[in-house]
Amino acid sequence: MLNNIGPAGLILIAIVVLVLFGRGKIAGLMGEVGKGITAFKDGVKSPDADEIEDATETADAATARDVTPEERTERDNA
């Protein structure tokens, strides 16, 4: 399907996207995508085990919310 799109089709698509979204929004979006990729690469390169351990130690069990469902009685099921 994408083999049928030639250079003229790609230019037409680019023009339509620019008209719809504008140059500023597209530039901002690409900047955010670049920041996300950079952050992902940094996270993959140096996973910090100390940082993970610190996060688990600081998590307070008292602030955790109990999400166990309540038991149903026969009257609730009817």
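**View 1. The kink in helix H1, centred on Gly-22.** In this predicted model, helix H1 bends by about 95° at a kink whose centre is Gly-22. The end-to-end span of H1 can be read alongside this kink: the helix has 39 residues, yet its end C-alpha atoms are only 37 Å apart, short of the 57 Å that a straight helix would reach at 1.5 Å a residue. Among the elements of the chain, H1 has the highest mean pLDDT, at 87.

**View 2. A nonpolar patch on the surface, with Leu-12 among its members.** The patch is formed by Ile-5, Leu-10, Leu-12, Ile-13, Val-16, Val-17, Leu-20 and Phe-21, which together have about 750 Å² of accessible area. Leu-12 belongs to helix H1, which covers residues 7-45, and this leucine counts as exposed because its relative accessibility is 56%, where the cut-off for exposed is over 50%.

**View 3. The salt bridge between Glu-32 and Lys-35.** The side chains of Glu-32 and Lys-35 meet at 3.9 Å, taken from N to O, and the count for the model comes to one salt bridge. Side chains of opposite charge can pair when their charged atoms come close. Both residues lie in helix H1, where Glu-32 and Lys-35 are three residues apart, or about one turn of the helix. An α-helix has 3.6 residues a turn, so residues three or four places apart point the same way. Lys-35 has a relative accessibility of 56% and therefore counts as exposed.

**View 4. The whole chain, with helix H2 at residues 49-58.** The chain contains three helices and zero strands, and its pattern along the sequence is α-α-α. Of the 78 residues in the chain, 0% are buried, while the exposed area of the chain is about 7,800 Å², of which carbon and sulfur atoms supply 61%. The average pLDDT of the chain is 76, and 68% of the residues score at least 70; helix H2 has the lowest mean pLDDT among the elements, at 57. Where pLDDT is low, the predicted coordinates should not be read in detail.

Key: Residues numbered from 1 in each chain as written. Predicted model: local features only at pLDDT ≥ 70, side-chain atom pairs only at ≥ 80, totals over all residues. Heavy atoms only, no water. Patch = residues over 30% accessible without salt bridge, like charges linked within 9 Å, V, L, I, M, F, W, Y side chains within 5 Å. Areas by Shrake-Rupley, 256 points an atom, 1.4 Å probe, with all protein chains shown as cover. Salt bridge = Lys/Arg side-chain N within 4 Å of Asp/Glu carboxyl O. Helix = DSSP H or I, 4+ residues; strand = E, 2+ residues; numbered from the N terminus. Buried < 20%, exposed > 50% of the residue type's maximum accessible area, 1.4 Å probe, protein only. pLDDT = per-residue confidence, 0-100. Expected span 1.5 Å × (residues − 1). Bend = angle between axes of the 7 residues up to and from the residue.
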